[in-house]
Amino acid sequence: MITVCVLFVLVQLFQWFQGFMLPFPLYLLAGAFLAIASNYEKGLTALLKQIHTTSDSSQ
């Protein structure tokens, strides 16, 4: 009985998501956010290294 209920809910959610459309600019913003979030630490460490090497070379 639980399996039937779970499958019913999943099918209903799937049908609802198929009818749910987001505007294109929202997709672009979400993609940009995901790219920034996934590369945040990598970019932050590169920035810190760049600042550190700049301060070392000026001394």
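The following exercises, each with a worked solution, concern a predicted model of one protein chain.

**Exercise 1.** Determine which elements the chain has and how they run from the N terminus on.

*Solution.* Begin with the count: the chain has three helices and zero strands. Next, take the order from the N terminus on, which reads α-α-α.

**Exercise 2.** Establish where in the chain confidence is lowest and where it is highest.

*Solution.* Start with the chain as a whole: its mean pLDDT is 80, and 80% of its residues reach 70 or more. Then turn to the helices. Helix α1 (residues 2-19) has the highest confidence, with a mean of 90. Helix α3 (residues 40-57) has the lowest, with a mean of 67.

**Exercise 3.** Compare the span of helix α1 with the span expected at 1.5 Å a residue.

*Solution.* The expected span is 1.5 Å times one less than the number of residues. For the 18 residues of α1 this gives 26 Å. The end C-alpha atoms of α1 are 26 Å apart, so the two values agree.

**Exercise 4.** Decide whether helix α2 is largely covered or lies largely in the open.

*Solution.* A residue counts as buried under 20% relative accessible area. Helix α2 (residues 24-38) has 15 residues. The number buried among them is zero, and therefore α2 lies largely in the open. For the chain, buried residues make up 0% of the 59 residues.

Note on methods
Residues are numbered from 1 along each chain as its sequence is written. This is a predicted model: local features need pLDDT of at least 70, side-chain atom pairs count only at pLDDT 80 or more; totals for chains, interfaces and linings use all residues. Side-chain values use heavy atoms; hydrogens and water are left out. Helices (H or I, at least four residues) and strands (E, at least two) are DSSP runs, numbered from the N terminus. Buried means under 20% relative accessible area, exposed over 50%, partly exposed in between (1.4 Å probe, protein chains only). pLDDT is the predictor's confidence in each residue, from 0 to 100.
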